[in-house]
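Visitor: I'm new to this one. Could you pick a single part and take me through it closely, then show me how things look around it?

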Amino acid sequence: MSTIGWVERCLVAARRASVLSGTAQGTSESSKWRMTGRALARGVASALLPPVCCLCGARGQAPDFDLCDVCTTFLPVLDSVDGAPGSMASVGDCTLVRNLFLFKYEFPVDQFIRALKFRGERVFARVLGTLMARAHCDLGWELPAVIVPMPLHAARYRQRGFNQAHEIARFAARTLNARAHRVSVDPGLLVRTHATREQSGLSLEERRKNVRGAFEVVRAVPQGRIALVDDVVTTGSTAMAAAHALSAAGAREIELWAVARVLLAGRSAVDPGVHDVQAVVGENEVRAAAAADLVDLVIEAEEGCRVARSHVHGFGKREPE
Ligand SMILES: [Zn+2]
């Protein structure tokens with residue numbers, strides 16, 4: 001076997017294992033070094049080797065899309081009941097908001113997002129950003145003037161070292177611009193002025209009100225449509241809070257792009273009908289006003305412990321070690 005063939009087989013095995021295992025990841029210094037090493041190795045490999053499907057190991061799609069044609073057809077696309085692209089809302093006086101939510105937060109998309117978010121595997125930013133750009137092109141919507149990633153709070157950014165929404169946005173813009181468009185990414189336009197984690201324990205309405213003031217636009221909003229990009233939406237309250245901030249700063253057309261939307265046991269995540277649910281996350285018991293809020297909390301907590309979904313009014317059942 002040639003050296004390139006051997007390296008390619010190792011790369012495939014590593015990708016498949018990383019996607020499918022969903023192993024717990026700590027935040028120790030040693031794990032950060034391992035993450036950096038893996039990310040570096042994949043960066044070099046992806047520059048030298050053809051794309052490889054991150055699910056089945058078959059050849060990916062040229063020039064650099066790491067999913068094969070077959071696996072792409074099995075992604076959990078949102079249907080119209082769950083919030084397929086296109087629904088609209090108004091924010092502020094006259095800002096129009098239109099959503100582009102791609103998938104249900106289910107396998108394998110949930111694993112893609114976790115691998116990116118908690119293990120720093122940028123290959124999944126490329127996969128998800130490319131899918132996002134393709135979906136936008138397929139809809140034939142007018143392109144945005146600028147893409148704005150959903151910002152992390154400064155403390156969370158320091159902890160993680162990158163913003164997963166920014167990574168996805170970069171690859172979405174790169175895919176759009178490969179088709180001769182000119183779309184820029186502006187990660188500094190919008191900042192998160194306080195950590196939304198502090199909202200735990202608040203009622204749904206209190207949470208919305210609190211999040212509404214969590215964002216600030218720090219410079220002039222550019223003319224034209226703005227695409228606000230996030231990895232996962234649950235209630236949508238965070239995204240709408242960010243849209244409110246952009247609207248107040250003068251934005252008149254906003255699209256909300258999200259890779260996945262969390263759905264609960266067949267009901268919409270924005271349905272506040274399940275109240276006062278709780279779960280055990282690591283050493284802590286968390287409580288939320290609605291199941292959808294609990295999902296937010298559990299997703300946040302996954303950075304520190306291994307959590308699996310439960311089908312009982314929300315999430316939070318801890319897997320055996
Ligand atoms: Zn495949």
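**A close look at helix 4**

Guide: Let's start with helix 4, residues 109-119: nine of its eleven residues are buried, so this helix is largely enclosed by the rest of the structure. Keep in mind that we're looking at a predicted model. The buried residues of helix 4 are V109, D110, F112, I113, R114, A115, L116, K117 and F118, so you'll find charged side chains such as D110, R114 and K117 in that list along with nonpolar ones such as F112 and L116. Just past the end of helix 4 sits G120, with a positive phi of about 65°.

Now step back for the setting. The protein chain has ten helices and twelve strands. Its residues number 321, and 41% of them count as buried. Among contacts in the chain with a separation of 6 or more, 67% are between residues 24 or more positions apart.

Moving along the chain, you come to helix 5 (residues 123-139), whose axis comes within 7 Å of the axis of helix 7 (residues 164-178), the two crossing at roughly 50°. That angle is why helix 5 and helix 7 are described as oblique to each other. Their crossing is right-handed. On the helix 5 side, the residues that meet helix 7 are A125, R126, L128, G129, T130, M132, A133 and R134. On the helix 7 side, they are Q164, E167, I168, A169, R170, F171, A172, T175 and L176. Taken together, the residues of this contact split into nine nonpolar, four polar and four charged.

Note on methods:
Residues are numbered from 1 along each chain as its sequence is written. This is a predicted model: local features need pLDDT of at least 70, side-chain atom pairs count only at pLDDT 80 or more; totals for chains, interfaces and linings use all residues. A residue is buried if 20 or more other C-beta atoms lie within 10 Å of its own, exposed if 12 or fewer, and partly exposed in between; C-beta atoms are placed from the backbone. Helices (H or I, at least four residues) and strands (E, at least two) are DSSP runs, numbered from the N terminus. Two residues are in contact if their C-beta atoms, placed from the backbone, lie within 7 Å. Axes are lines fitted to C-alpha atoms, for helices over the stretch in contact, and angles run from 0 to 180 degrees between N-to-C directions. Angles under 35 degrees count as roughly parallel, over 145 as roughly antiparallel, 65 to 115 as roughly perpendicular and the rest as oblique. A crossing is left-handed if the near helix is turned anticlockwise from the far one by less than a right angle, and right-handed if clockwise.
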